[in-house]
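Open the model in your viewer and keep the sequence panel beside it. The tour goes from one selection to the next and says what is there.

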Amino acid sequence: MKLDGREGVTVPKRVDHAQRRAHIADALVRVAARDGLHAVTMRAVAAEAGMSLNLVQYYFDTKAQLMHAALQHLEQQSHERWSARLESLENPGSARACLEAFVDEALPVDADSHTFRLVWTSYAVLAMTDPELAEQPFVEGPNRLERQLTHILATAQAAGEIAAYLDASAEASLLLSLSHGVGTSVLVGQRSAAQARYVMLYHLSRLFNDPTPPETPGQHLMAVS
């Protein structure tokens, strides 16, 4: 409550509902990243958000609604980070630079991308057996990203940077699937983030028919020593 300029008269504080929804979604992501998606309950999210259970239920009637909203929020944040990477490129018109930006955003190489990959993968596993979650447009995020990658690859093809016989759509699907696979391998400890990045850049190197492959992790340090 605050004074409206007249003595003794107060008006309700304006609530930013979109901001409050985002705050609740962020709380769910923190619970899922820390304790696992199986630990997510309306009550646990309310506690993490520092809100009452009733207030969380005011914005989301069911857990399924909350989980879907959190997934959309998570994907929107990832999309915004990738867009920011693209805007910061020295040559934003370069398809190769755009794809390398995708690699850096898609792999769990820092705290934000690690959280995204961990929670998104948990959603993917749950969607396989949870009919209520599966009914939501879970795959629209990956589909949208695949269309963007297809456009970038088609641009590279038109510029003669990749072979004309390649199917840009299939190559986009392959690139996205590869990022999911090597990203998961980082989460389970099979390889480091640097090694995963090398695998992705190695694939791009072959796609763009580079004369030499990218430098392997630690190669430069070994050469110096």
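A residue counts as buried when its relative accessible area is under 20%, and as exposed when that area is over 50%. With that cut-off, the buried residues of helix α10 are Ala196, Met200, Leu201, His203, Leu204, Ser205 and Leu207. The model you are looking at is predicted.

**The whole chain**

Start with everything shown as a cartoon. The protein has 11 helices and two strands. Along the sequence the order is β-β-α-α-α-α-α-α-α-α-α-α-α, so the two strands precede the helices in the pattern as defined by these runs. Now switch to a surface. About 12900 Å² is exposed by the protein, and carbon and sulfur atoms supply 53% of that area. Of the 225 residues, 34% count as buried. Among contacts with a separation of 6 or more, 56% join residues 24 or more positions apart.

**Helices α1 and α2**

Select residues 17-35, which form helix α1, and residues 42-49, which form helix α2. Two packed helices are described by the angle between their axes and the distance between the axes. For this pair the angle is about 110° and the axes are 8 Å apart. That angle makes α1 roughly perpendicular to α2.

Show the side chains at the contact. From α1 come His23, Ile24, Ala27, Leu28, Arg30, Val31 and Arg34, and from α2 come Ala44, Val45, Glu48 and Ala49. Sorted by type, the residues of this contact are seven nonpolar, one polar and three charged.

Stay on Ala49, which lies in helix α2. Is Ala49 buried or exposed? Its relative accessibility is 10%, so Ala49 counts as buried. Leaving out residues up to four places away in sequence, Ala49 touches His23 and Ala27. Draw a C-alpha to C-alpha distance from Ala49 to Val31: the two are 18 residues apart in sequence and 9.8 Å apart in space.

**Helix α5**

Next select residues 95-106, helix α5. This helix has 12 residues and reaches 16 Å from its first C-alpha to its last, close to the 16 Å expected at 1.5 Å a residue. Nine of the 12 residues are buried, so α5 is largely enclosed by the rest of the structure. Colour the buried ones: Ala95, Cys98, Leu99, Ala101, Phe102, Val103, Asp104, Glu105 and Ala106. To see what covers them, add further helices, including α4 (63-87), α6, α8 (140-158), α9 and α10 (193-207).

**Helices α6 and α9**

Two of those covering helices hold the next stops. Select Thr121, in helix α6 (residues 111-127). Apart from its neighbours within four places in sequence, Thr121 is in contact with Thr184 and Leu187. Between the C-alpha atoms of Thr121 and Gly183 the distance is 9.6 Å, although 62 residues separate the two in sequence.

Now go to Ser179 in helix α9 (residues 168-187). What is the relative accessibility of Ser179? The value is 0%, and Ser179 therefore counts as buried. With neighbours within four places in sequence set aside, Ser179 is in contact with Phe102, Ala106, Leu107, Arg117 and Met200. Phe102 and Ala106 were also in the list of buried residues of α5.

**Helix α10 and the loop after it**

Return to helix α10. It has 15 residues and spans 21 Å from first C-alpha to last, close to the 21 Å expected at 1.5 Å a residue. Which helices do the buried residues of α10 pack against? They pack against α5, α8 and α9.

Select Val199, also in helix α10. At 27% relative accessibility, Val199 counts as partly exposed. Leaving out residues up to four places away in sequence, Val199 touches Leu178, Val182 and Arg191. Val199 and Thr216 are 17 residues apart in sequence, with 9.0 Å between their C-alpha atoms.

The last stop is Asn209, in the loop between α10 and α11 (219-224). Asn209 has a positive phi of about 55°, although it is not a glycine. Its relative accessibility is 67%, so Asn209 counts as exposed.

Key: Residues numbered from 1 in each chain as written. Predicted model: local features only at pLDDT ≥ 70, side-chain atom pairs only at ≥ 80, totals over all residues. Heavy atoms only, no water. Helix = DSSP H or I, 4+ residues; strand = E, 2+ residues; numbered from the N terminus. Buried < 20%, exposed > 50% of the residue type's maximum accessible area, 1.4 Å probe, protein only. Contact = heavy atoms within 4.5 Å. Axes fitted to C-alpha atoms, helices over the stretch in contact; angles between N-to-C directions. Parallel < 35°, antiparallel > 145°, perpendicular 65-115°, else oblique. Nonpolar A, V, L, I, M, F, W, Y, C, P; charged D, E, K, R; others polar. Areas by Shrake-Rupley, 256 points an atom, 1.4 Å probe, with all protein chains shown as cover. Expected span 1.5 Å × (residues − 1).
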